[in-house]
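Here's a quick tour for anyone meeting this structure for the first time. Have a look at the sequence and the model, then read on.

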Amino acid sequence: MIRTLGALALCGLVLLGTSSPAMAARPKDQLKLVVAVKGGETKTARLHCEPAGGTHPDAQAACELLEQVNGDPGQLNVSPDAVCTREAQPHAVAAKGRWDGKPVRWGKVFGNACLVKAATGALFDL
């Protein structure tokens, strides 16, 4: 009887120590992205990577861009030769969350949507 109880307790500990499929699928990289247009609307999205998902309209492309720069949006320069107009419609963009276990806090104001797209590609294309 005591051996049976000991075996049941050991099995219970082993089961508690293993992760469930739901826990195994939890993304390790998670960011909240914000785009605010002066005099316009503010959009937000959640981006999860590994696996790609969240509310971002093109999570896979955004995750691939961030993987290239180890999660640092400030290092992105997707289209350095882009030709943008001088239209003045400031766009403030920000990213906050975790990438590879490290905190991410980044923000920048761009002169217009074209400049945002040239620098960050699909990341802030919300």
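The protein has four helices and five strands, and keep in mind as you look around that this is a predicted model. Reading from the N terminus, the elements come in the order α-α-β-β-β-α-β-β-α. The strands make an open sheet, two of the helices discussed below lie against strands of that sheet, and the count of disulfides comes to two.

**The overall picture**

- Of the 126 residues in the protein, 29% are buried.
- The protein exposes about 8300 Å², and carbon and sulfur atoms supply 57% of that area.
- Take the contacts between residues at least 6 apart in sequence: 51% of them join residues at least 24 apart.

**The sheet**

- Five strands line up in the order β3-β2-β1-β4-β5, and their pairing is antiparallel.
- At the edges sit β3 (53–54) and β5, each of which pairs on one side only.
- As a bit of background, strands of a sheet pair through backbone hydrogen bonds, either parallel or antiparallel.
- Strand β1 covers residues 29–37 and strand β4 covers residues 91–99; these two are joined in the antiparallel sense by eight bridges.
- To find that pairing in the model, look for Q30, which sits opposite R98 in β4.
- Another place to look is A36, whose bridge partner in β4 is A92.
- On its way to the edge of the sheet, you can also follow β4 to strand β5 (residues 102–110): they pair in the antiparallel sense too, over nine bridges.
- A handy marker for this second pairing is V93, which stands opposite K108 in β5.
- β4 and β5 form a hairpin with two residues between the strands.

**Helices against the sheet**

- Helix α3 (residues 59–68) lies across four strands, namely β1, β2 (42–49), β3 and β4.
- The direction of α3 is at about 70 degrees to β2.
- Helix α4 (residues 113–120) packs on the sheet as well, where it touches β4 and β5.
- The direction of α4 makes about 145 degrees with that of β5.

**The two disulfides**

- For orientation, a disulfide is a covalent bond between the sulfur atoms of two cysteines.
- One of them joins C49 to C63, with an S to S distance of 1.9 Å.
- C49 belongs to strand β2 and C63 to helix α3, so this link ties together parts that are 14 residues apart in sequence.
- Are these two cysteines buried or exposed? C49 counts as buried at 1% relative accessibility, and C63 is buried with a relative accessible area of 1%.
- The torsion about the S-S bond of C49 and C63 is about -90 degrees, so this disulfide is left-handed.
- The other disulfide is formed by C84 and C114, whose sulfur atoms are 2.0 Å apart.
- C84 is in the loop between α3 and β4 while C114 is in helix α4, so this pair ties together parts 30 residues apart in sequence.
- The link of C84 and C114 is left-handed, with -75 degrees about the S-S bond.
- C114 is partly exposed, with a relative accessible area of 29%.
- Counting bonded cysteines along the chain, the disulfides follow the pattern 1-2, 3-4.

**Backbone spots worth a look**

- Where is the cis peptide bond? It joins E50 and P51, with omega at about 5 degrees.
- P51 is in the loop between β2 and β3.
- N70 is not a glycine, yet it has a positive phi of about 50 degrees.
- You'll find N70 in the loop between α3 and β4, and N70 is exposed, with a relative accessible area of 51%.
- D100 is another residue other than glycine with a positive phi, here near 55 degrees.
- D100 lies in the loop between β4 and β5, which puts this positive phi in the hairpin of those two strands.
- At 41% relative accessibility, D100 counts as partly exposed.

Note on methods: Residues numbered from 1 in each chain as written. Predicted model: local features only at pLDDT ≥ 70, side-chain atom pairs only at ≥ 80, totals over all residues. Heavy atoms only, no water. Pairing = 2+ DSSP bridges. Buried < 20%, exposed > 50% of the residue type's maximum accessible area, 1.4 Å probe, protein only. Contact = heavy atoms within 4.5 Å. Areas by Shrake-Rupley, 256 points an atom, 1.4 Å probe, with all protein chains shown as cover. Axes fitted to C-alpha atoms, helices over the stretch in contact; angles between N-to-C directions. Disulfide = S-S within 2.5 Å.
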